[in-house]
Amino acid sequence: MGFNWRYLVALAGLLAVALMAFTRLQSEPSSVSAPNFALSKPSENGAYLVAIEPEAPPVKVGELHSWVVTVKMPDGKPLDDASIAVDGGMPAHGHGLPTSPRVTAQLGEGRYRVEGVKFNMGGAWEFRFAVSAAAGDDEAVFNLKL
């Protein structure tokens with residue numbers, strides 16, 4: 001039983017391919033960025049500054065809760081005459097929110113109460129706020145991890 005050179009050549013070829021793939025992965029920037037979990041941000045087109053916070057933290061999975069959405073102009077002036085639509089879901093699971101949250105009160109200083117929010121399972125959620133006002137229509141999307 002002699003030494004089989006074919007196995008050594010095949011192993012060397014596999015190692016060379018693995019090394020090239022590893023080198024390529026190390027040199028290329030990742031096209032997938034980590035989600036941003038900030039609770040305050042400019043809207044998608046920069047028309048508004050939008051911030052969200054649970055009205056009574058902590059947010060518990062499976063329970064109804066309320067949020068406060070604050071909308072300001074880019075110069076920081078509170079926006080008290082906005083119309084806000086609320087939506088969201090779990091992109092990885094392909095489903096929306098299990099409820100239909102809506103703005104129920106204007107609290108002043110650009111703050112609005114959103115009631116009827118429920119996250120029915122832990123995981124990565126998107127929370128979307130479509131803002132309509134004199135400056136135009138824009139949207140802010142927030143990533144949440146429960």
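## Strands 1 and 2

Strand 1 (residues 40-42) and strand 2 run antiparallel and are joined by 3 bridges; two strands count as paired if DSSP finds at least two bridges between them. This is a predicted model, in which local features need pLDDT of at least 70, side-chain atom pairs count only at pLDDT 80 or more, and totals for chains, interfaces and linings use all residues. Residues are numbered from 1 along each chain as its sequence is written, and side-chain values use heavy atoms, with hydrogens and water left out.

Lys41 has Val50 of strand 2 as its bridge partner. The hairpin of these strands has 6 residues between them, and Gly46 takes a positive phi near 80° there.

## The two faces of strand 2

In a regular strand the side chains alternate between the two faces of the sheet. Strand 2 (residues 49-54) shows this alternation: Val50, Ile52 and Pro54 point to one face and are buried (under 20% relative accessible area, with a 1.4 Å probe and protein chains only). Leu49, Ala51 and Glu53 point to the other face and are not buried.

## The sheet

Strand 2 also pairs with strand 3 (residues 65-72), in the antiparallel sense over 6 bridges. Here Ile52 has Val69 of strand 3 as its bridge partner.

The open sheet consists of 5 strands in the order 1-2-3-7-6, with antiparallel pairing. Strand 1 and strand 6 (102-108) are the edge strands, each pairing on one side only.

Notes
Buried means under 20% relative accessible area, exposed over 50%, partly exposed in between (1.4 Å probe, protein chains only). Helices (H or I, at least four residues) and strands (E, at least two) are DSSP runs, numbered from the N terminus.
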